[in-house]
Amino acid sequence: MTRLILIFITSAIVSYPVLAAEPFIKKDYMVIYKKQGAFKDTKENISNAITGRGLVINNISHIGEMLERTGKDLGKSKQIYLHAESLSFCSAGVSRDTMEASPHNIVFCPYTISVYEVPSEPGISYVSYRRPEIVGSEASKNTLMAVENLLEGIAQEALSW
């Protein structure tokens with residue numbers, strides 16, 4: 001019996017949500033986290049946190065590569081990122097609720113989390129997302145808070161690994 005209680009307590013502690021990180025920057029329109037760690041690992045953690053919720057990544061934008069490639073065509077040589085990608089995804093349930101509350105909330109979907117590393121800080125990964133503006137009816141506001149909670153939950157889970 002004591003062993004069963006110990007297993008239950010241990011599993012409760014392991015599954016209890018813990019804030020992995022405090023925001024590096026938190027504004028009305030964005031949240032940015034800063035983490036020691038390789039870009040590749042951080043991106044994989046974000047991907048796993050998204051797909052682990054049963055969500056599908058619709059698109060991965062290779063922003064760093066695009067800026068590097070097009071910079072040459074524009075006569076610009078400054079390296080902005082060592083690596084930079086944005087992962088876009090949607091949640092059928094959260095999105096459905098958000099758009100049932102107001103069809104105009106379509107503008108908030110898909111949801112995007114960006115991961116990047118800057119040249120001045122190799123080995124430091126940044127994780128960021130746009131905060132949806134909490135607008136409209138009470139139902140709309142509640143569903144948009146659910147969108148932000150989803151983004152924050154994914155970021156916190158990924159940063160905890």
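**Exercise 1.** Determine how many disulfides the predicted model contains and which parts of the chain are tied together.

*Solution.* A search of the whole structure finds 1 disulfide. Its partners are Cys90 and Cys109, with an S to S distance of 2.3 Å, which falls within the 2.5 Å cut-off. The rotation about the S-S bond is -120°, and the link of Cys90 and Cys109 is left-handed. Cys90 belongs to strand β4 (residues 83-90), whereas Cys109 sits in the loop between α4 (92-101) and β5 (111-117); the bond therefore ties together parts that are 19 residues apart in sequence. Cys90 has 24% relative accessibility and so counts as partly exposed.

**Exercise 2.** Compare the expected span of helix α5 with the distance between its end C-alpha atoms, then identify what covers its buried residues.

*Solution.* Helix α5 (residues 138-159) has 22 residues, which at 1.5 Å a residue should span 32 Å. The end C-alpha atoms of α5 are 31 Å apart, in agreement with that value. Among the buried residues of α5 are Thr143, Leu144, Val147, Leu151 and Ile154. Their cover includes β2 (30-36), α2 (39-51), β4, α4, β5 and β6 (124-130).

**Exercise 3.** Describe the largest nonpolar core and the surroundings of Ile113.

*Solution.* The largest nonpolar core has 23 residues, of which Tyr33, Ile46, Phe89, Ile113 and Ile154 touch the most other members. Two or more residues come from each of β2, α2, β4, β5, β6 and α5, and α5 gives the most, with 7 residues. Beyond its neighbours within four places in sequence, Ile113 is in contact with residues including Ile46, Phe89, Val127, Leu151 and Ile154. Another core, of 6 residues, lies apart from the largest one and includes Ile32, Ala84, Ile124 and Tyr126.

Terms used: Residues are numbered from 1 along each chain as its sequence is written. This is a predicted model: local features need pLDDT of at least 70, side-chain atom pairs count only at pLDDT 80 or more; totals for chains, interfaces and linings use all residues. Side-chain values use heavy atoms; hydrogens and water are left out. Helices (H or I, at least four residues) and strands (E, at least two) are DSSP runs, numbered from the N terminus. Buried means under 20% relative accessible area, exposed over 50%, partly exposed in between (1.4 Å probe, protein chains only). The expected span of a helix is 1.5 Å times one less than its number of residues. Contact means heavy atoms within 4.5 Å. A nonpolar core is a set of buried Ala, Val, Leu, Ile, Met, Phe, Trp, Tyr and Cys residues joined through side-chain atoms within 4.5 Å.
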